[in-house]
Amino acid sequence: MRTPTPEETRQELLRRATALGLGPVGVAPVEGDLRQEYFHRWLAEGQHGEMGWMARDPERRANPGQVQPEARSILCFGLNYYQPEPHRRGRIAKYALGKDYHKVMISKLKRICDWLRELGAANRPYVDTGPLLEKPIASLAGLGWQGKNTMVLNREEGQWLFLGFILTTFPFPPDSPQPDRCGTCTRCIDICPTRAITAPYQLDARKCISYLTIEHKGAIPDEYRRLIGNHLYGCDDCLDVCPWNKWARQTREAAFSPRAYPDLRDMLGLDEAGFNELFAGSPIRRLKRPRWLRNVCIVLGNTGDAGDLPALEHAAADPESLVAEHAAWAIREIRKRLDLQ
Ligand code: SF4
Ligand code: SF4
């Protein structure tokens, strides 16, 4: 049987990815400009905050060739997760409204790996947790360009994309990067409530609401509590305003459909077992109960009313000091707002 040409293999890759609901798809070379300098400076300035895994073995992270020395290509896949947000108190970032995307994406990547193995290639799939500089690699693969909010921006799909990667020994021809089309726009920078986008293309994670409500483990610093506003888990503000995102189409992945949740007031009554049950299969479960209730208190402090006070008073006696302290803060904020001092 005739060996397929690299271009034929590439077409087959696209066909298989599309059949799995993946796209856009691109190929990056293993060696390439990944803004390594920016990454090293970002780490040196501590802008990654408590995300210690980002700082672990930075040389390896900045050089995919060190992750799998025999790899010849990095395959990059996008998966659209856009969906309109449900109307309820407390905003959850759109990517976390449904089931945990890691499992959904990795099972698709494994199907691609099965096929690559038939071609004689060795492969390693990664979703989010791998030692890769994911956004610069996706840009190099032509999936889009990194917008001024640092998110990968695809011309057709916008920025509502999960990213998945396969390091493979199969030598696919690389794609060309897309030109930066942000132009003079600064909407994402202007809208950011905490000024986390410190300059175009530069994000100080420590100031970002996504980091503060998800990665940050302790008390929310005072200067950010009011600025977090109605954001319960993550933040989409800089994506919502991006003009390229207005053509977003709703995801076809049923797994990402928004779940129904009780009102914030009732969430305050969750014990650990109740929390784990409510968020089974959701990325929110990784937060664990104390951090979740911390966030609920912040949102209630910013948006709640007198009807929320009894539930908050109950939470102020929570054995978890993180919950109790944020509940007490929320009570003070509501009282101040309603002039109940
Ligand atoms: S996610 Fe929110 S807080 Fe973070 S940079 Fe974007 S607008 Fe700012
Ligand atoms: S909002 Fe404007 S500057 Fe920001 S990523 Fe979108 S196009 Fe670029």
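1. Helices (H or I, at least four residues) and strands (E, at least two) are DSSP runs, numbered from the N terminus. In this predicted model, local features need pLDDT of at least 70 and side-chain atom pairs count only at pLDDT 80 or more, whereas totals for chains, interfaces and linings use all residues. Side-chain values use heavy atoms, without hydrogens and water.

2. E134 belongs to helix α7 (residues 134-140). E134 is buried, at a relative accessible area of 14%; buried means under 20%, exposed over 50% and partly exposed in between (1.4 Å probe, protein chains only). Leaving aside residues up to four places away in sequence, E134 touches V127, D128, T129, L163 and F165, where contact means heavy atoms within 4.5 Å.

3. The largest nonpolar core (buried Ala, Val, Leu, Ile, Met, Phe, Trp, Tyr and Cys residues joined through side-chain atoms within 4.5 Å) has 103 residues, among which F77 and W292 touch the most other members. Helix α6 (residues 101-118) gives the largest share of this core, 8 residues. The core lies between domain 1 (1-218 + 227-260) and domain 2 (262-335), because both give residues to it; the bounds come from an automatic or database domain assignment.

4. Beyond residues up to four places away in sequence, W292 touches I92, L232, Y233, M267, F275, F279, I284 and L287.

5. The residues around ligand 1 (a heavy atom within 4 Å) include C192, C208, C235 and C238. Helices α9 (209-215) and α11 (237-240) each supply at least two residues of this shell.

Key. Residues are numbered from 1 along each chain as its sequence is written. Chains are lettered from A and ligands numbered from 1 in the order in which they are written.
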